[in-house]
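Me: Please take a close look at the aromatic rings of this protein and at the buried surroundings they belong to. I would like one connected account, beginning with the overall fold and then moving to the individual side chains.

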Amino acid sequence: MNHKMKLQPNYYNYMLNGTKRIEIRLNDEKRKQIKIGDTITFFKEPDLIESFTTKVIDLLRYDTFNDMFNNYDISILADSSISRTDVINELEKFYPIEKQNKYGVLGIKIELIQK
């Protein structure tokens, strides 16, 4: 199955240059449909014209983003040029702690298959 997701420009570029190898999302009903072996096409915001496709190679489930960041270095969750605190703060703008506690969070380990 192919899934479609939007990415902010900096995270889109981190994936393309190979530093971001785990996409981080809330593990809501939509994300629970993702399986290992599925593909995800990521579209660059705001125009959604540029895209690339990845293959899901692993799924990592955690209670909160902070828990995930305790097990994985920022260099594969985003990029070493950005701090862990900045990434968590950015994620929590979209997915507050109440939603994390309700659904849990998902790390989608990917490999680039088409630029």
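Reply: In this predicted model, the protein contains 5 helices and 5 strands, and their order along the sequence reads β-α-β-β-β-α-α-α-α-β. The C-alpha trace spans about 35 × 30 × 25 Å along its principal axes, and the radius of gyration is 13 Å, which agrees with the value near 13 Å that a compact globule of 115 residues would have. Buried residues account for 45% of the 115 residues, and among contacts with a separation of 6 or more, 72% are between residues 24 or more positions apart. The accessible surface amounts to about 6300 Å², with 47% of it belonging to carbon and sulfur atoms.

Turning to the rings, a search of the whole structure gives 6 aromatic pairs. One of them joins Tyr11 and Tyr14, whose ring centres are 5.7 Å apart and whose planes meet at 85°, an edge-to-face arrangement. Both tyrosines belong to helix H1 (residues 9–16), where a spacing of 3 residues places them about one turn of the helix apart, and both Tyr11 and Tyr14 are buried.

Another pair is formed by Phe42 and Phe52, with 5.6 Å between the ring centres and 35° between the planes, so this pair counts as tilted; the angle falls between the limits of under 30 degrees for stacked and over 60 for edge-to-face. This pair links distant parts of the chain, since Phe42 lies in strand S3 (residues 39–44) and Phe52 in strand S4 (residues 51–62), 10 residues apart. Phe42 and Phe52 are both buried, and ring pairs connect these two phenylalanines with Tyr12 in a cluster.

Phe42 also leads to a charged side chain, for it is one of the residues that Glu23 touches. Glu23 lies in strand S2 (residues 22–26) and has a relative accessible area of 4%, so it is classed as buried, the cut-off being under 20%. Leaving aside residues up to four places away in sequence, Glu23 touches Met5, Leu7, Met15, Phe42, Leu106, Gly107 and Ile108. Its side chain also takes part in polar contacts, one of 3.3 Å with the side chain of Lys20 and one of 2.6 Å with the side chain of Arg25.

Terms used. Residues numbered from 1 in each chain as written. Predicted model: local features only at pLDDT ≥ 70, side-chain atom pairs only at ≥ 80, totals over all residues. Heavy atoms only, no water. Phe/Tyr/Trp six-rings, centres within 6.5 Å; stacked < 30°, edge-to-face > 60°. Helix = DSSP H or I, 4+ residues; strand = E, 2+ residues; numbered from the N terminus. Buried < 20%, exposed > 50% of the residue type's maximum accessible area, 1.4 Å probe, protein only. Polar contact = N/O pair within 3.5 Å; in protein donor to acceptor, adjacent residues only side chain to side chain. Contact = heavy atoms within 4.5 Å. Rg over C-alpha atoms; globule rule 2.2 N^0.38 Å. Areas by Shrake-Rupley, 256 points an atom, 1.4 Å probe, with all protein chains shown as cover.
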